[in-house]
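Visitor: I'm new to this one and I like to know where the labels come from. Could you show me the structure and let me ask how each claim is backed up?

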Amino acid sequence: MVLAEDLAKQQRSISVAEFFEKNKHLLGFDSPTRGVITTIKEAVDNSLDACEEAQVLPDIFISIKKVSNEVFRIIVEDNGPGIVPAQVPFVFGKLLYGSRFHQIRQTRGQQGIGISAAVLYAQLTSGVPTIVISRTGAKESARRFEILIRIETNEPDIVSEQPFEWDRIHGTRVQIEFKSTMTAKKKLLEYLRYTSVVNPHARFRIELDEESFTFERVSQEVIDCPVAIQPHPHGIEFGQLKRMAAQSDLRIADFLVESFSRVGRKSAQEICERSGIKGTLKVNGLSSDALKKLLTAMQDTAVPAPPATQCLSPIGEDLIRRGLEKEFQMDFVAARTRPSSVFSGHSFMVEAAIGYGGRLPAEGNAILLRFANRVPLMYQQGACAITECVTGINWKVYNIPQQGGFPTGPVLILVHVASTNVPFTSESKDAIAGIAEIEKEITLALQDLGRELKNFVSRRDRSKLADDRARAVCAIIPEIAEKVSSIVEKPLVDTSAIEGKLMHKLIAKKAGRDGNVIIELNNYTAQDAEVTVYEISPDTAADAVPKADFTSEADGQFTKVWKVRIPPREVRRISYSGKGGGILEIRGIEDAKKMVVDLDV
Amino acid sequence: MSKEELEKKSMEALLRIAGVWYEQMKAGEIPSISLPTRTKYNIEFDDASEVWKYGDKESMRTAASAKSATHLLKMAYVIGFIKQQLIENRSSTLREMYYISEGWKRAKFGAQDESNFLIEDLEILSDVPREGFHLHPEENGASIYGPMRIREETRRGMKTLHCQDDVGQAGYTIPNNVENIELVDHDAKFVIAIETGGMYDRLIENGFDEDHHAILVHLKGQPARSTRRMLNKISMAWDLPVMVFTDGDPWSYRIYASVAYGAIKSAHMSEILATPRSQFLGLQPSDIRDYNLPSDKLTEKDTEALKSELTDPRFATDYWKKQISLQLEMNLKSEQQAFAARGLDFVTKKYLPARLSEMGII
């Protein structure tokens with residue numbers, strides 16, 4: 001048995017820190033470029049969570065500066081509640097230390113690995129300790145820490161700690177230096193933009209070397225911080241039950257009612273009967289076998305779904321729309337928040353939005369924004385259940401072209417999954433696992449939105465058709481008239497009768513001819529039309545007949561305004577010398593009753 | 001019809017079209033035109049002239065959408081252009097008109113196809129062939145070789161030519177305006193219209209025209225309007241049967257159909273372009289079987305084309321139904337030059353004499 005003894009000498013426990021040193025990819029530090037994004041993501045997640053808990057509107061400042069050839073200094077600063085000095089070393093210098101791991105509510109960070117992993121990564125690549133400044137209120141002074149992690153023991157190593165003069169009343173600032181590159185700059189900005197879309201109450205300021213960007217907030221309302229709830233009997237595993245049982249000195253029936261959400265006297269009794277264990281026994285005295293029976297009974301007994309309204313914090317349809325509208329110029333946006341639902345005892349809620357047209361790229365695959373608990377998912381799109389749902393829908397039904405499953409054209413799709421326990425495919429939290437209940441909700445939300453988009457597009461096509469007709473009648477037919485009249489050698493035939501018959505509208509036509517600009521207003525409606533004519537062009541129109549009622553100039557563009565009254569079936573003309581071009585607008589008459597035609601286009 | 005009569009008819013017809021639009025607009029109506037639908041579902045056999053013409057189905061084009069209005073505007077510009085051309089006694093090719101349209105702003109043509117279609121529309125509306133508009137096609141007609149004499153009014157004066165004695169070994173080239181040709185005399189019993197140049201040359205080299213008193217016409221694939229007009233003219237003037245000799249595939253049957261009945265695109269001109277007396281000589285699907293000719297498998301497109309021909313009114317005869325069904329069954333096609341597998345003389349010494357006597361021609 002010499003070999004076994006030799007082996008035994010090599011066998012020892014591994015610290016978490018050591019483990020992650022060797023498995024950086026598990027936490028999203030697999031490459032230096034990705035490291036920057038992961039670090040900022042973790043810090044920003046923490047800041048947003050903290051602000052939410054403290055009920056303040058987040059103001060987050062992010063700076064990335066190149067310090068030397070390969071080393072970058074990353075600073076993330078927030079106006080959150082700050083961290084009490086005694087806790088700072090643990091939050092940043094110990095892996096798996098956190099306040100939210102044991103709570104059942106929607107949070108961004110969960111396991112408490114994120115930011116300390118960044119500290120570890122910095123220490124491994126640049127060797128520089130992480131600097132943390134935090135202040136918890138006006139009465140307290142800020143403190144500055146320099147922190148490293150003791151890799152063998154996973155304990156913080158405080159290099160220095162001293163008071164600090166800080167102009168912020170409360171908040172936290174973390175400064176991390178590590179080896180990296182800025183090749184992922186685009187992705188980073190994308191990440192921050194998407195974060196800002198689903199956190200419309202937050203403001204982000206970014207300094208990237210010499211450039212600066214701001215993602216402004218569109219909502220002044222602090223979002224409600226989700227409240228932790230007790231575990232649901234369907235969403236618990238053996239280990240957790242055993243731990244809870246060991247810490248309790250209640251009888252089983254009381255334990256079930258007190259420690260779980262939605263379990264009443266009746267349900268507790270049913271669970272006990274099912275398990276064949278007396279409800280009057282003390283729970284901490286149960287054997288493992290008895291606990292297993294109890295767990296099975298808990299999961300087999302019908303218990304109402306967990307209370308989602310308190311523990312989940314959906315963004316809301318209105319804020320999703322506003323968030324998207326501020327970052328993307330689109331012709332159409334619709335959002336859906338689905339009712340909450342449950343998988344394996346965990347509450348979840350799906351929100352989705354579809355945007356169309358505007359500045360979205362007209363070709364190629366639709367833009368897909370994936371979010372889990374208000375955090376953008378930036379990697380592994382192909383492995384994500386959201387992507388699966390999007391490609392599984394038959395978009396052609398909604399008149400949207402589809403290629404290789406993906407909808408194409410100027411389409412943006414946003415999906416947000418909020419849950420007390422988002423089922424990620426791995427610890428780097430890049431993709432949501434395929435859970436049937438979640439997929440069903442995503443699909444329903446998207447189908448609903450697809451129908452709405454279809455309506456919008458067909459409405460738009462109908463109005464395009466009307467425009468097309470107007471163009472034909474008001475612009476092309478007069479040209480046909482001119483040509484035909486000259487062929488048959490008769491006087492120019494007047495086509496205004498055709499216009500009037502077809503349009504029953506106020507038709508404003510503008511044309512530039514031989515150095516003159518003519519605006520013609522034909523009232524084909526049955527009522528008097530009192531309208532205001534706005535024209536913006538480089539022409540001054542100083543010699544206009546009739547004279548403009550008002551003129552102003554900005555950047556070489558002149559705005560001319562005429563007030564005109566046109567009785568039914570009459571014509572008014574405005575003319576002046578100029579080159580034409582610009583914009584013509586008629587106000588004071590409803591859209592359906594007017595038509596503006598630019599004959600020079 | 002003389003040149004002057006044609007020009008007068010054409011001018012009147014064009015002014016009539018413009019006149020209708022003028023009156024429509026004057027009455028406060030949107031200008032419109034109505035044209036026969038130009039698909040195979042709207043061609044009918046005309047018993048009197050024995051050719052296929054457009055039926056009653058019409059489609060109305062009203063200037064109520066930007067697209068249709070632009071179409072009418074273009075037509076108006078073309079009418080104006082032709083009017084000017086007739087007044088100044090000038091002519092141009094379709095391609096030249098396409099380039100001239102560059103200056104027509106909104107009415108300019110997007111592609112040559114568009115101007116071709118528009119001219120066809122005008123031919124239908126006015127019942128005047130494009131020659132009457134002083135527009136002529138780009139391509140030359142194909143060639144003729146055989147015992148016949150013609151007189152042609154060329155730009156360099158009147159010329160009389162015998163199509164064996166006065167021409168090179170490629171034959172006489174049919175000009176693009178056949179109206180300027182006068183058929184003088186002949187010593188022929190029939191006409192063979194041949195799809196490929198290779199077979200045309202083979203027949204000349206083997207002296208088939210002399211041995212059998214045959215006029216040989218090279219179709220050059222799908223025949224140009226002038227070639228079809230020439231065949232129509234010869235057949236009418238001299239009362240000669242026209243035998244069409246093509247490859248044995250669905251595309252070649254369409255060549256025969258356009259010679260015999262007219263093309264769908266020009267059904268409005270069928271009376272002067274089609275030769276109802278022409279007959280299909282070969283290569284028949286049954287020849288592939290009977291002569292065991294070298295052959296290829298039908299492609300998916302061939303099969304599709306054959307099936308579509310089964311529903312084409314021009315192929316709605318027992319003969320064609322039988323041949324096309326046989327071909328679909330064999331799943332084979334052959335080129336006319338496949339006869340070379342049996343020796344270079346086989347086609348002129350065996351196949352054609354046998355087939356022509358079977359058809360009662362010799």
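Visitor: What makes a residue of chain B count as buried, and what percentage of its 362 residues do?
Guide: This is a predicted model, and a residue is buried if 20 or more other C-beta atoms lie within 10 Å of its own. In chain B, which has 362 residues, 42% pass that test.

Visitor: Which helices and strands should I look for in chain B, and how many are there?
Guide: You'll find 13 helices and 17 strands in chain B. As for contacts in chain B with a separation of 6 or more, 74% of them join residues 24 or more positions apart.

Visitor: How do you know which residues of chains A and B touch?
Guide: Two residues are in contact if their C-beta atoms lie within 7 Å. By that rule, 21 residues from chain A and 25 residues from chain B take part. On the chain B side, α1 (3-26) and α2 (66-88) each supply at least two residues, and α2(B) gives the most, with ten.

Visitor: What kinds of residues make up that side of chain B?
Guide: There are 16 nonpolar, five polar and four charged ones.

Visitor: What is the angle between α6 and α12 in chain A?
Guide: Helix α6 (residues 185-198) and helix α12 (residues 317-327) of chain A pack at about 145°, and their axes are 7 Å apart. Angles run from 0 to 180 degrees between N-to-C directions.

Visitor: And which residues meet there?
Guide: A:Arg193, A:Ser196, A:Val197 and A:Val198 from α6(A) meet A:Gly323, A:Leu324 and A:Glu327 from α12(A). That contact splits into three nonpolar, two polar and two charged residues. Gly counts as polar, so A:Gly323 in α12(A) belongs with the polar ones.

Notes:
Residues numbered from 1 in each chain as written. Chains lettered and ligands numbered in written order. Predicted model: local features only at pLDDT ≥ 70, side-chain atom pairs only at ≥ 80, totals over all residues. Helix = DSSP H or I, 4+ residues; strand = E, 2+ residues; numbered from the N terminus. Buried ≥ 20, exposed ≤ 12 C-beta atoms within 10 Å, placed from the backbone.
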